[in-house]
Amino acid sequence: MQESDWEVFQLDELLAKVERQGVNFKEFLRTPSLSCAIYHIPVGSRDMASAHEEDELYLVLEGTGQLRIGETEHRVQQGTIMYVHAACDHAFFDIQEDLTVLAFFGSPVLELGRGRRLRHGHRPGANIATDAGV
C-alpha cells in the first residue's frame, strides 16, 4: 500500500473487526506522529497498559469500567474521553461491561528545539531527558 496524505475509516467497520475473545489491541493507523487503535477488554480482564512515551487520548465506545491514572481512579463509560500524559502510569481495571476504546497515541513527547524526550512533570529547559539515545 502506498503512503497517502489522508485515509478514511468507518467506525462500524473497525468495530466489526474487533476480536471479542480476550484482551485485543488492533492498530489501524500508524504515521511518524500519530497512531490509532481499537482496544477491547472483556469483563473480568486486566489491562496490559502502563506508562508510554506518547501522550494518549481514549474514547470509550462501549462498556464500563475504571481507569487508574497515577493514584487516581476514574469511572469510564460510553462517551467518556480521557487524556493521559506521556510517561504517566495508567491502566483500565474493574471492567464491569466489555470495554471497547478508541485509542490515539501521539509521537514521543520531545522538547521543542532540542529533540529531548521529556518525562511527565518536567518543564522544557529543565535538562531532563530519557536515556533513549538522546
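R30 sits across from S35, a residue of strand β2. This is a predicted model, so to speak of who faces whom is to speak of computed positions. Strand β1 covers residues 24-30 and strand β2 covers residues 34-41, and the two run antiparallel, joined over six bridges. Together β1 and β2 make a hairpin, with three residues between them.

Now follow β3, which spans residues 54-69. β3 pairs with β4, β5 and β6, and here is how those pairings look side by side.

| Pair | Sense | Bridges | Residues opposite each other |
|---|---|---|---|
| β3 and β4 | antiparallel | six | G65 and V76 |
| β3 and β5 | antiparallel | four | Y58 and M82 |
| β3 and β6 | antiparallel | twelve | I69 and H90 |

Strand β4 takes in residues 72-77. β3 and β4 also form a hairpin, this one with two residues between the strands. Look at G70 in that turn: its phi is positive, at about 65 degrees.

What about the inside? The largest nonpolar core has 16 residues, and Y58, V76, M82, F92, L99 and V101 have the most contacts inside it. Which elements give two or more residues to this core? They are β2, β3, β5 and β6, and β6, at residues 90-108, gives the most, with six residues. Another core lies apart from this one; it has nine residues, including L14, L15, F28 and L61. As a general rule, nonpolar side chains in soluble globular proteins tend to be buried together.

M82 is a good residue to click on. You have already met M82 as the residue opposite Y58, and as one of those with the most contacts in the largest core. Which residues does M82 touch once its neighbours within four places in sequence are set aside? The contacts are E56, L57, Y58, V60, L67, V76 and F92.

Not every nonpolar residue is tucked away, though, and I81 shows it: I81 is exposed, with a relative accessible area of 59%. I81 belongs to strand β5, residues 81-84. Why is I81 missing from the nonpolar cores? A core takes in buried residues, which means under 20% relative accessible area, and I81 is at 59%. Instead, I81 joins L57 and Y83 in a nonpolar patch on the surface, and the three have about 310 Å² of accessible area together.

Note on methods. Residues numbered from 1 in each chain as written. Predicted model: local features only at pLDDT ≥ 70, side-chain atom pairs only at ≥ 80, totals over all residues. Heavy atoms only, no water. Patch = residues over 30% accessible without salt bridge, like charges linked within 9 Å, V, L, I, M, F, W, Y side chains within 5 Å. Areas by Shrake-Rupley, 256 points an atom, 1.4 Å probe, with all protein chains shown as cover. Salt bridge = Lys/Arg side-chain N within 4 Å of Asp/Glu carboxyl O. Buried < 20%, exposed > 50% of the residue type's maximum accessible area, 1.4 Å probe, protein only. Pairing = 2+ DSSP bridges. Core = buried A, V, L, I, M, F, W, Y, C linked by side-chain atoms within 4.5 Å. Contact = heavy atoms within 4.5 Å.
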